[in-house]
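Trainee: Could you take me through the surroundings of the ligand in close detail? I'd like to know which parts of the chain build its shell, and what touches what.

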Amino acid sequence: MKFSERLHEKLLPIWRKNHDHPFVQEIGNGTLDKEKFRFYMIQDYLYLIEYAKLFAIGAAKAKDVETMGKFAAMLDSTLNEEMSLHRQYGEKFGITPKEFEEAAPSPTTLAYTHYMLHVGQNGTLADLVAALLPCAWSYWEIGKELSQIPGASEHEFYGEWIKMYSSEEFGQVAQWCIDLLDELTEEKPEEELAHLEEIFLNTTRFEYMFWEMSYNQAMWPTDE
Ligand SMILES: Cc1ncc(CO)c(N)n1
């Protein structure tokens, strides 16, 4: 069994909760409160700045030029394609790129990005890919599922978001990360696989927490 197939079995119950989360459901049916989406966009922008750094670290840890080039391309597409979606929504909300960058991260954003960067900086290349894979993979699954809802991709506000994450290009990135992790885990001992599975499940859980945080617009409870 490929390692990604083993991960897929483990992640399904958490993904079901992700897909059923009101934040995701309401993007799909177009009813999500725009204030919640605005909060999410700001936090997701901050998240993506840190997430992009994982690709830079991946390039530095890659063992061959082809893999290095792929990480460089993913760094570029995150900063210049995926985040331009956020900048476009920012224009609708009256948020400038500078304001995005200077916004305060929520505790969940901090915890999630710091965990990923800790694993990426201190672990192996396989550890790094295990940490980032749920991000690419779960968004692609959500994008594809929501794009099946009639009219959802054409929704005047949320359509662009759904189109981005159900796109062929986004799917290719997710698939490349899946294939790389399968390649890096071939013939690896169970102990190492169990460690990778733990990292993967942790960021999968953080994905759920990110929806929850966004829906509740949750900042520090002590500041309220
Ligand atoms: C929190 C989060 N996870 C994954 C993605 C997909 O890149 C994103 N934009 N935000």
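Mentor: Helix 3 (34–61), helix 7 (125–147) and helix 10 (190–216) are the ones that each put at least two residues into the shell around the ligand. Helix 3 gives the largest share, with four residues. Bear in mind as we go that this is a predicted model.

Now the roll call. Around the ligand you'll find Asp44, Tyr47, Leu48, Tyr51, Glu82, Cys135, Tyr139, Tyr165, Phe170, Glu207 and Phe210. Sort that shell by character and you get eight nonpolar residues, three charged ones and no polar ones. Tyr and Cys are counted as nonpolar in that split, so don't let the label put you off when a tyrosine turns up in a polar contact below.

Let's go through those contacts. Asp44 has a polar side-chain atom 2.6 Å from a nitrogen atom of the ligand. For Tyr139, an N or O atom of the side chain is 3.2 Å from a ligand nitrogen. Tyr165 also has a side-chain N or O atom by a nitrogen of the ligand, here at 3.4 Å. As for cover, the ligand taken alone would expose 280 Å², and the protein buries 100% of that. Its place is in the largest cavity.

To set this in the wider chain: an unreviewed UniProt entry annotates residues 8–216 as "domain: Thiaminase-2/PQQC". That span is 84% helix and 0% strand, and its end C-alpha atoms lie 28 Å apart.

Terms used: Residues are numbered from 1 along each chain as its sequence is written. This is a predicted model: local features need pLDDT of at least 70, side-chain atom pairs count only at pLDDT 80 or more; totals for chains, interfaces and linings use all residues. Side-chain values use heavy atoms; hydrogens and water are left out. UniProt positions are given in the numbering used here, feature names are shortened, and annotations may be inferred rather than shown by experiment. A residue is near a molecule or strand if one of its heavy atoms lies within 4 Å of it. A polar contact is a pair of N or O atoms within 3.5 Å; within protein, one must be able to donate a hydrogen and the other to accept it, and residues adjacent in sequence count only if both atoms are side-chain atoms. Accessible areas come from the Shrake-Rupley method with a 1.4 Å probe; for residues, only the protein chains shown count as cover. On a 1 Å grid over the protein atoms alone, a cavity is a set of points where a 1.4 Å probe fits but cannot get out, and a pocket is an open set with protein on both sides within 12 Å along at least five of seven lines; lining residues have an atom within 4 Å of a point. A molecule sits in a cavity or pocket if more than half of its atoms lie within 2 Å of its grid points.
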